[in-house]
Amino acid sequence: MAALAPSGEARAAYTLTSQATTYSTIAGATAIASGVGTQGLVPLPFTFRFFGRAYTQVSAGTNGYLALTGYANGGPNMGSVPVVAGWWDTLNIPSGSGSTFGWKAFGTAPNREVVFQWQNAENDTDYDFGFGYSTNYNFQVHLHENGTIDLSYGTKTQPPQGFS
């Protein structure tokens, strides 16, 4: 897991730390979106401060990012939209496939967190290059009420490769 914790009074900078943890899938998450390059607007149950600015909603995208200013028209532009990216790639959340993309809130004030989870997200780029398979990713972005961000990664599965 990687953690980004705000430092300083203005919370204008973050400190990155890395530690080994056990990835835990969340149950009962509220679905956000499915497909490739889609997103959904999620109201946060608390005001989240990111680089000194307050946010009350995020646009969560199937491609592995959270845009903090609302919809980002299919993908954020790093120069103009504040983004937290757990895994930024062309990911697919096919309906009815066992892949899910959702969120769930935990805790009580002032120690609440919102977890965004991409479960068995397919790397659509593998198909675009004609490999005929997809690598599946499991990861989470945790937004904490105190401004800390945790990135948590589970298993990556890839079908056997070979040519015949």
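E145 is buried, with a relative accessible area of 18%, and in this predicted model its side chain meets that of R112 in a salt bridge, at 2.7 Å from N to O. E145 lies in the loop between strand 12 and strand 13, whereas R112 lies in the loop between strand 10 and strand 11, so the pair ties together parts that are 33 residues apart in sequence. R112 counts as partly exposed, its relative accessibility being 23%. A search of the whole structure finds one salt bridge.

**The loops and strands around the salt bridge**

The two strands on either side of the loop that holds E145 form a hairpin, with four residues between strand 12 and strand 13. In the turn of this hairpin, G147 has a positive phi of about 95°. Strand 12, which covers residues 136–144, and strand 13, which covers residues 149–157, pair in the antiparallel sense over seven bridges, and within this pairing N136 stands opposite T157 of strand 13.

The loop that holds R112, between strand 10 and strand 11, is also the place of P110; here strand 10 spans 100–106 and strand 11 spans 113–123. The peptide bond that leads from A109 to P110 is cis, with omega near 5°.

**Backbone angles that stand out**

Most residues other than glycine have a negative phi, and most peptide bonds are trans. Against that background, two residues that are not glycines have a positive phi, and they are set out below with their places and accessibility.

| Residue | Phi | Place | Relative accessible area |
|---|---|---|---|
| F51 | about 50° | loop between strand 5 and strand 6 | 43%, partly exposed |
| N120 | about 55° | strand 11 | 25%, partly exposed |

F51 thus sits in a loop, the one between strand 5 and strand 6, while N120 is found within a strand, namely strand 11.

**An open sheet of four strands**

In which order do the strands of the open sheet follow one another? Four strands form this sheet in the order 5-6-7-8, and their pairing is antiparallel. Strand 5, at 39–50, and strand 8, at 83–85, are the edge strands, and each of them pairs on one side only. From one strand to the next, the twist averages 25°. Strands of a sheet pair through backbone hydrogen bonds, either parallel or antiparallel.

Inside this sheet, strand 6, made of residues 53–61, and strand 7, made of residues 65–67, pair in the antiparallel sense over three bridges. Y65 in strand 7 is the bridge partner of G61. The loop that holds F51 lies between strand 5 and strand 6, two strands that belong to this open sheet.

**N92 and its contacts**

Is N92 buried or exposed? With a relative accessible area of 13%, N92 is buried, and its place is in strand 9, which covers residues 91–93. Leaving aside residues up to four places away in sequence, N92 touches G35, V36, A121, E122 and D124. Among these contacts, A121 and E122 fall within the range 113–123 of strand 11, the strand in which N120 is also found.

Key. Residues are numbered from 1 along each chain as its sequence is written. This is a predicted model: local features need pLDDT of at least 70, side-chain atom pairs count only at pLDDT 80 or more; totals for chains, interfaces and linings use all residues. Side-chain values use heavy atoms; hydrogens and water are left out. Two strands pair if DSSP finds at least two bridges between them. Axes are lines fitted to C-alpha atoms, for helices over the stretch in contact, and angles run from 0 to 180 degrees between N-to-C directions. Buried means under 20% relative accessible area, exposed over 50%, partly exposed in between (1.4 Å probe, protein chains only). A salt bridge is a side-chain nitrogen of Lys or Arg within 4 Å of a carboxyl oxygen of Asp or Glu. Contact means heavy atoms within 4.5 Å.
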